[in-house]
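Please read the following report beside the sequence and the coordinates. It covers strand pairing, aromatic contacts and a few buried side chains.

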Amino acid sequence: MRSGDSFKVVEDNSGVVAAHMSLLPDSKLLLSERFREIPAEWLGPTFPSGVPNALSDGNVTQQAWASQSPYYKPNANLNGFLTDTAQYDTAAGTFEMIKYPALTTNEGYAYGNGAAQMADGGILVAGGDQKWNLSYDGVIYNTDGRRDIRTFKDGVYEKIAEMNWDNINSEFSGRWYPTSITLPDENVMILGGHHVEYSPNEPRANSPSYEILHTASAVTAVDPPTNVSLLQFTFPVNANPLAQVLPWSSPPKVFAFAGNRSSIISYTDHTEWALPSLPDDGVYPRSFPFAGTHFLLPLTPANNYTATVWVCGGVKRSATPDGPDPQWCSNCSQCKASEMCYSIAPETGNPTWTGEAMPEGRAQSMAVNLPDGTIAIFGGSSIGHQGGNAGIPIGETNPPKRAILFDPYQTDSSKRWLFGATATVARQYHSTALLLPDASVVLGGSDDQDFANDQVNPYELRLERYYPAYFALQDRLNINLTSVLATVGYGQKFILPFTSQSAQTIKMVSMIRFGTSKAAVNVDQRMVGLVIVHWGVDKMYVESPPNANIAPPGNYMLWAMDNRGAPVMQAATVNVRTGNWEPDATWDSGWTVQPKSSTGGSPLAPGDAGSGAREHTKGHALAIAAAVTVSMVSFVI
């Protein structure tokens, strides 16, 4: 157990259930939920349209309760227009409902989208769902947002493009639960998902491809889909695939994971190489609806910016599936969560998965990179998994609420994995978690709340903060936020100013990319260590990441951590893009002082990594490129 950390409920009404959460500048959040309505199980033998309802569970008592329940009505926070989206200000504790660009039969509904932090600091919102006969304020809405590509920036939500669409086969077109990532060239890959909500018996539901949205050109355009073998092989358990831009591959490549398989996608020449699968350990494939969580270890000069991907938890095949579908991929509400983690370094010469156990099993949990180099895992379930309508969980009556803390640089196994504090609010399906610029973590969402009583409000609007143990450390330093650069390019030396004369106590400087969180997935977050060139009394001379493969373009939180393991009180927001590059700042040699020795904290700090470290990194890049080339040829599909 780690002492000193804590949770606190900081908001009772976030506006909407935070099933999707994206970090915006000024510590604001973009949140969205699914539209509220009576679950199909409790609607009776026919839908309001008269169509037979095969999902009805026949529980007349529950149907009568749901028909009169105040919970299965439009969100009470709506004010004159229908939406499922809000902007929440964490500093002011207020929310603003956000109007959709449109809600029509061929555009709109964004639930189940794949969001990404864009190079310019906006949020890309790709794909969504369809909803028919939804009533609000006397109007019936029919809306289908599965093809839509939207952006949200500076409070403006707009549609900018459409994904490729099959008009003849429109029922099985578009994307629900895709993954979107910003690429080094500032374009965006929209990967995988399903054409409709989870339908494991319907092969046409699979969307085993990616599309590239060209945002860097004068005209926004979407490339035709490119098939992905990984997603062909892993249907139906392949929605919300994991994806990470690899630091050293040239031309740039993306690591992808779905089910229990992984591959490397070369999107510039439309090729793909298979990597090893996870071992058969009695666990369901680890994508929706049986996902665990995932994270990327910090990329630092000390580890030559080597990417190591971790996949943790999931759902054991420990009980008989009990859903309406008899196949193996049906619901298993009594299946226990797995405690196993596996890690892989995809760009090494012989990439393999290595197993390691967490202190307890978790499914559908949320992992967050903290600025001290550790990883915190929140929420999830120890029985059951993702899925289910609001108020009808595929889970348990007492889900785990303790944080799990992982220090990847700790060699003592008794200290490598620890339990942290216990949260107030349970977080299972449709929960989210993001690092904030004050070094706390905000947790939101969940619409399957009370697992012992199905006649309560399932829509969780409370936001809770997690305060890691470093909040107990006194006299944490402050970056001079009025003087630090707001934009930087790659390989650019700049001055990091502080408000006190204690800069020589800084052990590590890093950037953590703004995150987007949904359904146990956050592929945007990435921690990148910076080279410390010189220490001064009240300033430092640091170098930004070498290239856009290591640090994909977008907004980052700029952190400094002292020799106690305490990050600064508030990170600076820095936009990193190739076009932001400026000549190196001038550093006077008379400002240079020696750093003070370390007294604690994570050992991941690069130390005084000057030109020698940079030359070593260049050599490492060439060695990895050669190794990956050899390895990938042997795995070609």
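In which sense, and over how many bridges, do strand 13 and strand 14 pair? Strand 13 and strand 14 pair in the antiparallel sense over four bridges, where strands, like helices, are DSSP runs numbered from the N terminus (E over at least two residues for a strand, H or I over at least four for a helix), and two strands pair if DSSP finds at least two bridges between them. This is a predicted model, in which local features need pLDDT of at least 70 and side-chain atom pairs count only at pLDDT 80 or more, while totals for chains, interfaces and linings use all residues. Residues are numbered from 1 along each chain as its sequence is written, and side-chain values use heavy atoms, with hydrogens and water left out.

**Strand 13 and its partners**

Within the pairing of strand 13 with strand 14, Met189 stands opposite Ile212 of strand 14. Strand 12 (residues 179-182) also pairs with strand 13 in the antiparallel sense, over four bridges, and there Thr182 has Val188 as its bridge partner. These two strands, 12 and 13, form a hairpin with five residues between them, and Glu186 in the turn has a positive phi of about 80°. Both faces of strand 13 are covered, since Val188 and Ile190 on one side and Met189 and Leu191 on the other are all buried; buried means under 20% relative accessible area, exposed over 50%, and partly exposed in between, with a 1.4 Å probe and protein chains only.

The loop between strand 13 and strand 14 holds Asn206, which is buried at a relative accessible area of 8%. The side chains of Asn206 and Asn238 are joined by a polar contact of 3.1 Å, that is, a pair of N or O atoms within 3.5 Å, where within protein one must be able to donate a hydrogen and the other to accept it, and residues adjacent in sequence count only if both atoms are side-chain atoms. Leaving out residues up to four places away in sequence, Asn206 touches several residues, among them His194, His195, Leu231 and Phe235, contact being defined as heavy atoms within 4.5 Å.

**Aromatic pairs**

The structure holds 30 aromatic pairs; rings of Phe, Tyr and Trp (its six-membered ring) pair if their centres lie within 6.5 Å, with planes under 30 degrees apart counted as stacked, over 60 as edge-to-face and the rest as tilted. The rings of Tyr198 and Phe288 have planes at 90°, so this pair is edge-to-face. Tyr198 lies in the loop between strand 13 and strand 14 and Phe288 in the loop between strand 20 and strand 21, so the pair ties together parts that are 90 residues apart in sequence. Tyr198 is partly exposed, with a relative accessible area of 22%, whereas Phe288 is buried at 4%. Phe295 and Trp310 form a stacked pair, with Phe295 in strand 21 and Trp310 in strand 22, 15 residues apart. Phe295 is buried at a relative accessible area of 1%, and Trp310 is buried at 4%.

| Pair | Centre to centre | Angle between planes |
|---|---|---|
| Tyr198 and Phe288 | 5.7 Å | 90° |
| Phe295 and Trp310 | 5.6 Å | 15° |

Ring pairs also link Phe35, Tyr109, Tyr111, Trp176, Tyr177, Tyr198, Phe288 and Tyr429 into a cluster.

Tyr198 appears again among the contacts of Cys329, which also include Pro200, Pro236, Val237 and Phe290 once neighbours within four places in sequence are set aside. Cys329 lies in the loop between strand 22 and strand 23 and is buried, at 1% relative accessibility.

**Strands from 33 onwards**

Strands 33, 38 and 37 form, in that order, an open sheet with antiparallel pairing. Strand 33 (493-497) and strand 37 (531-535) stand at the edges, each with a single partner strand, so one side of each is left without a neighbour in the sheet. Strand 37 pairs with strand 38 (residues 539-543) over four bridges, and Val531 has Glu543 as its bridge partner in strand 38.

In strand 34 (residues 506-513), eight of the eight residues are buried, so this strand is largely enclosed by the rest of the structure. Strand 34 pairs in the antiparallel sense with strand 39 over seven bridges, and with strand 36 over three bridges. Ile512 has Met557 of strand 39 as its bridge partner, while Ser510 has Gly529 of strand 36.
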